[in-house]
Amino acid sequence: QVQLVESGGGLVQAGGSLRLSCAASGRTFRDYAMGWFRQAPGKEREFVAAISSSGGNTYFVDSVKGRFTISRDSAKITVYLQMNSLKPEDTAVYFCAARWSTYIDNNYYTDSSDYVYWGQGTQVTVSS
């Protein structure tokens with residue numbers, strides 16, 4: 001079992017930055033691929049970013065490429081989503097997710113159905 005707890009959300013003006021954190025506990029963190037998703041009011045949950053278990057592969061939805069980065073710190077068992085140049089359309093509840101993926105596979109996953117474990121979400125609001 002893996003428990004995920006997000007933090008770092010808040011209110012920021014357009015053009016600002018936030019760094020979301022996802023702290024994991026439970027099983028061996030290094031064998032879990034991680035992802036970030038978001039859900040705006042009245043919309044479906046959408047993929048934002050993913051990172052492989054080794055950290056060697058990352059992938060982003062087109063709308064955040066060049067503005068967001070994803071990273072992981074195995075020592076702290078934490079995954080980060082650095083969000084720069086935020087736009088009002090980035091406003092949503094952000095969720096981190098995890099799924100087992102052996103360290104040597106180096107795969108990332110972009111479909112929410114690929115993930116087994118989910119955090120409770122953290123609100124990000126970008127004002128114009």
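**View 1. Glycine 35 counts as buried, with a relative accessibility of 2%.** Buried here stands for under 20% relative accessible area, exposed for over 50%, and partly exposed for anything in between (1.4 Å probe, protein chains only). This is a predicted model: local features need pLDDT of at least 70, side-chain atom pairs count only at pLDDT 80 or more, and totals for chains, interfaces and linings use all residues. Residues are numbered from 1 along each chain as its sequence is written, and side-chain values use heavy atoms, with hydrogens and water left out. Glycine 35 belongs to strand β4; helices (H or I, at least four residues) and strands (E, at least two) are DSSP runs, numbered from the N terminus. Leave out the neighbours within four places in sequence, and glycine 35 is in contact with Ala49, Ala50, Phe95, Cys96, Ala97 and Tyr115, where contact means heavy atoms within 4.5 Å. The C-alpha atoms of glycine 35 and valine 79 are 8.7 Å apart, although 44 residues separate the two along the chain.

**View 2. Phenylalanine 37 and tryptophan 118 make a tilted ring pair.** Rings of Phe, Tyr and Trp (its six-membered ring) pair if their centres lie within 6.5 Å; planes under 30 degrees apart are called stacked, over 60 edge-to-face, and the rest tilted. Searching the whole structure turns up seven aromatic pairs. In this one the ring centres are 5.1 Å apart and the planes meet at 55 degrees, so the pair lands in the tilted class. The two residues come from distant parts of the chain, 81 residues apart: phenylalanine 37 is in β4 (residues 32-39) and tryptophan 118 in β10 (residues 117-118). Phenylalanine 37 is buried at 1% relative accessible area, while tryptophan 118, at 27%, is partly exposed. Zoom out a bit and ring pairs tie Phe37, Phe47, Tyr59, Tyr108, Tyr115 and Trp118 into a cluster.

**View 3. Arginine 45 lies over the face of tryptophan 118 and has its charged end over the ring of phenylalanine 95.** The test for a charge over a ring is NZ of Lys or CZ of Arg within 6 Å of the ring centre and within 35 degrees of the ring normal. For phenylalanine 95 the distance to the ring centre is 3.9 Å; for tryptophan 118 it is 4.7 Å.

**View 4. The largest nonpolar core holds 30 residues.** A nonpolar core is a set of buried Ala, Val, Leu, Ile, Met, Phe, Trp, Tyr and Cys residues joined through side-chain atoms within 4.5 Å. Leu4, Met34, Trp36, Phe68, Leu81, Met83 and Tyr94 touch the most other members. Two or more residues each come from β1, β3 (18-26), β4, β5 (46-51), β7, β8, β9 (92-100) and β11 (122-127). Apart from this core lies another, of seven residues, among them Ala33, Phe47, Tyr109 and Tyr115. Back at tyrosine 94, the contacts beyond four places in sequence include Leu20, Trp36, Phe68, Leu81, Met83 and Val124.

**View 5. Four strands, β1-β3-β8-β7, form an open antiparallel sheet.** Strands pair if DSSP finds at least two bridges between them. β1 (2-7) and β7 (68-73) each have a single partner strand, so one side of each goes without a neighbour in the sheet. From one strand to the next the twist averages 15 degrees, using axes that are lines fitted to C-alpha atoms (for helices, over the stretch in contact) and angles from 0 to 180 degrees between N-to-C directions. At the β7 edge, six bridges connect β7 to β8 (residues 78-83), and threonine 69 stands opposite glutamine 82.

**View 6. Side chains alternate along β11.** Thr122, Val124 and Val126 point to one face and are buried, whereas Gln123, Thr125 and Ser127 point to the other and are not. That fits the textbook pattern: in a regular strand the side chains alternate between the two faces of the sheet. Strand β2 (residues 10-13) runs parallel to β11 with four bridges, and glutamine 13 stands opposite serine 127. β9 runs antiparallel to β11 with three bridges; valine 93 has glutamine 123 as its bridge partner.

**View 7. Two loop serines, 85 and 101.** Serine 85, in the loop between β8 and β9, has a positive phi of about 50 degrees without being a glycine. Most residues other than glycine have a negative phi. Serine 85 is partly exposed at 39% relative accessibility. Serine 101, in the loop between β9 and β10, is buried at 1%. Beyond four places in sequence, serine 101 touches Arg30, Asp31, Tyr32, Ala33, Ser53, Asn107 and Tyr109.
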